[in-house]
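Let's take a walk through this structure together, beginning with its sheet and moving on to what packs around it. Keep the viewer open as you read.

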Amino acid sequence: MELYVREKYLKKMRGFYHDTEVIKVITGVRRCGKSCLMKTVMDELRRKGVSEEHLISLDLDSLQYRKAKTADRLEELILSQSHAEGVKYLFIDEIQNVAGFEEVVNAFREDGNYSIFITGSNSYLLSGELVTKLTGRYIEFEMFPLTFDEYLDMKAFYGKPVNANLIAELNNYLQEGGFPKTMQYDEFADKRTYVQSVIDEIFEKDIRRRLKIRNVEAFNNVRGFIINNFGATVSIQSLQAALEKNGIAVKRSTLTRYIEALVQSKILYRCDRFDMKSKKSLGGEKKYYLADTSFYFSTNTDNRINYGPTLENMVYLYARSFDYSVSVGRIGKLECDFILRDNSLNYAYVQVAYTIGESKATEDREYAPLEMIKDNYPKFVLTTDYLLQKRSGIRHLNLLEFMRAQKGFSD
């Protein structure tokens with residue numbers, strides 16, 4: 001089957017295709033498309049004239065390589081396919097299956113004749129071993145499940161019907177989620193079952209075995225509580241109190257460890273809060289967003305959409321997919337949904353709402369935080385409205401059309 005090309009990630013990586021000095025590390029929640037991204041990189045190299053003998057691909061989850069568990073065996077496998085002269089392109093998928101892979105990968109990097117690409121479980125790839133042994137020698141390319149623009153593109157690419165009503169597609173996207181494989185299923189129940197299997201796989205392979213979680217019930221209660229309250233401002237203290245109110249007693253240290261496990265496995269993303277007057281991060285209180293909103297809908301029987309947190313979650317992931325760093329801004333007693341910063345240290349400020357057309361009070365609530373910001377960086381109010389306001393030089397845009405056009409916040 002022809003692969004859908006996720007251009008926004010290839011664009012970030014192309015400048016490093018032939019770089020033998022840095023290892024290209026592709027991270028992201030399980031099943032978000034890392035393996036397919038590597039395959040599309042290989043396809044591009046082929047089209048640019050790289051021969052098959054210069055391409056080495058090892059999928060360590062496959063039956064062919066399932067016994068490759070040691071560093072020595074990994075080295076043997078690579079050498080057995082390294083017959084070509086000149087630079088070779090080495091792709092290793094699920095590299096965490098090999099104990100001590102860091103030293104092997106670094107040795108081939110130091111050889112100078114290998115451009116290396118690796119993927120794997122995030123709790124392993126982002127562990128202290130990788131950071132300690134390969135600091136300054138790798139670049140992380142973080143992937144996310146399909147953003148709304150990619151969701152629409154991929155449906156069209158595979159001949160799936162795309163509703164001309166973008167609100168209908170928004171509802172489909174929020175509930176079905178952006179895991180590429182869900183596109184293969186026509187029934188919503190099947191999509192939901194698949195997403196639940198992804199959650200179970202992450203817990204079993206990335207969390208339970210690695211962290212040796214003994215009280216699975218307590219962990220599941222914490223996981224469920226945070227998933228059900230994504231987009232809310234919480235601290236460890238308030239979270240512990242809320243859990244106790246629901247009859248779930250968890251020590252603060254244990255709760256911190258559980259949350260960190262969810263963040264490392266990329267089920268959750270932590271979004272810090274920033275005081276714009278003092279220019280300091282606000283300790284304690286944070287927001288957590290989901291790697292995919294389907295995590296919420298697959299673990300709940302209620303299919304009603306709360307557009308407040310779900311649209312925030314969608315914008316958060318969209319911004320991150322363009323490599324913006326994202327935080328929540330506080331301006332006095334008001335809060336700006338997102339402060340974005342790009343790699344050139346340019347900023348943008350974003351408010352997200354389903355609509356501001358209900359009343360003047362709703363409009364004022366969304367505009368007020370942005371009007372208090374006195375610098376000249378771009379400011380956005382993103383809604384699903386088609387009747388757009390003009391106020392204070394702030395850009396009021398239709399969120400769905402903005403994303404479909406694959407616009408960045410600096411464009």
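In what order do the nine strands of the open sheet lie? In this predicted model, the order is 6-8-7-9-10-11-12-14-13, and the pairing is mixed. Strand 6 (233-234) and strand 13 (390-391) stand at the edges; each has a single partner strand, so one side of each is left without a neighbour in the sheet. Strands of a sheet pair through backbone hydrogen bonds, and they do this either parallel or antiparallel.

Let's start from one of those edges. Strand 13 runs antiparallel to strand 14, and two bridges join them. Here you can find Arg391 standing opposite Ile394 in strand 14. One step further in, strand 14 (residues 394-398) runs parallel to strand 12, with four bridges between the two. Thr383 has Asn398 of strand 14 as its bridge partner. Strand 12 also runs parallel to strand 11 (residues 347-352), again through four bridges, and Tyr349 is paired there with Lys379 of strand 12. If you follow the chain from strand 11 through helix 15 (residues 360-371) to strand 12, you trace a right-handed β-α-β unit.

Strand 12 deserves a second look. Is it enclosed or open to the outside? Five of the five residues of strand 12 (residues 379-383) are buried, so the strand is largely enclosed by the rest of the structure. Both of its faces are covered: Lys379, Val381 and Thr383 are buried on one side, and Phe380 and Leu382 on the other. Phe380 also belongs to an aromatic cluster, in which ring pairs link it with Tyr318, Phe322, Tyr324, Phe402 and Phe409.

Phe409 brings us to the packing of the interior. In soluble globular proteins, nonpolar side chains tend to be buried together. The largest nonpolar core here has 92 residues, and Phe91, Phe295, Met314, Phe338, Leu340, Val350 and Phe409 are those with the most contacts inside it. Take Leu340 as a sample: beyond its neighbours up to four places away in sequence, Leu340 touches residues including Tyr324, Val326, Tyr347, Val350 and Phe409. Apart from this core lies another, of 25 residues, among them Val104, Tyr114, Ile116 and Leu125.

Tyr114 has a charged companion as well: the charged end of Lys88 sits over the ring of Tyr114, 5.1 Å from its centre. A similar arrangement is found at Phe117, where the charged end of Lys24 sits over the ring, 4.8 Å from its centre.

Aromatic rings also meet each other, and a search of the whole structure finds 28 aromatic pairs. How are the rings of Phe219 and Tyr258 arranged? Their centres are 5.1 Å apart and their planes are at 85 degrees, so the pair is edge-to-face. This pair links distant parts of the chain, since Phe219 lies in helix 10 (residues 216-228) and Tyr258 in helix 12 (residues 252-264), 39 residues apart. Phe219 is buried, with a relative accessible area of 1%, and Tyr258 also counts as buried, at 4%.

One last stop is Lys155, in helix 7 (residues 148-157). Is this lysine, Lys155, buried or exposed? Lys155 has a relative accessible area of 9%, so it counts as buried. Leaving aside residues up to four places away in sequence, Lys155 touches Lys160, Pro161, Val162, Glu169, Asn172 and Met183.

Methods
Residues are numbered from 1 along each chain as its sequence is written. This is a predicted model: local features need pLDDT of at least 70, side-chain atom pairs count only at pLDDT 80 or more; totals for chains, interfaces and linings use all residues. Side-chain values use heavy atoms; hydrogens and water are left out. Rings of Phe, Tyr and Trp (its six-membered ring) pair if their centres lie within 6.5 Å; planes under 30 degrees apart count as stacked, over 60 as edge-to-face and the rest as tilted. Buried means under 20% relative accessible area, exposed over 50%, partly exposed in between (1.4 Å probe, protein chains only). A charge sits over a ring if NZ of Lys or CZ of Arg is within 6 Å of the ring centre and within 35 degrees of the ring normal. Two strands pair if DSSP finds at least two bridges between them. A crossover is right-handed if, with the strands pointing away from the viewer, the path from the first strand over the helix to the second runs clockwise. A nonpolar core is a set of buried Ala, Val, Leu, Ile, Met, Phe, Trp, Tyr and Cys residues joined through side-chain atoms within 4.5 Å. Contact means heavy atoms within 4.5 Å.
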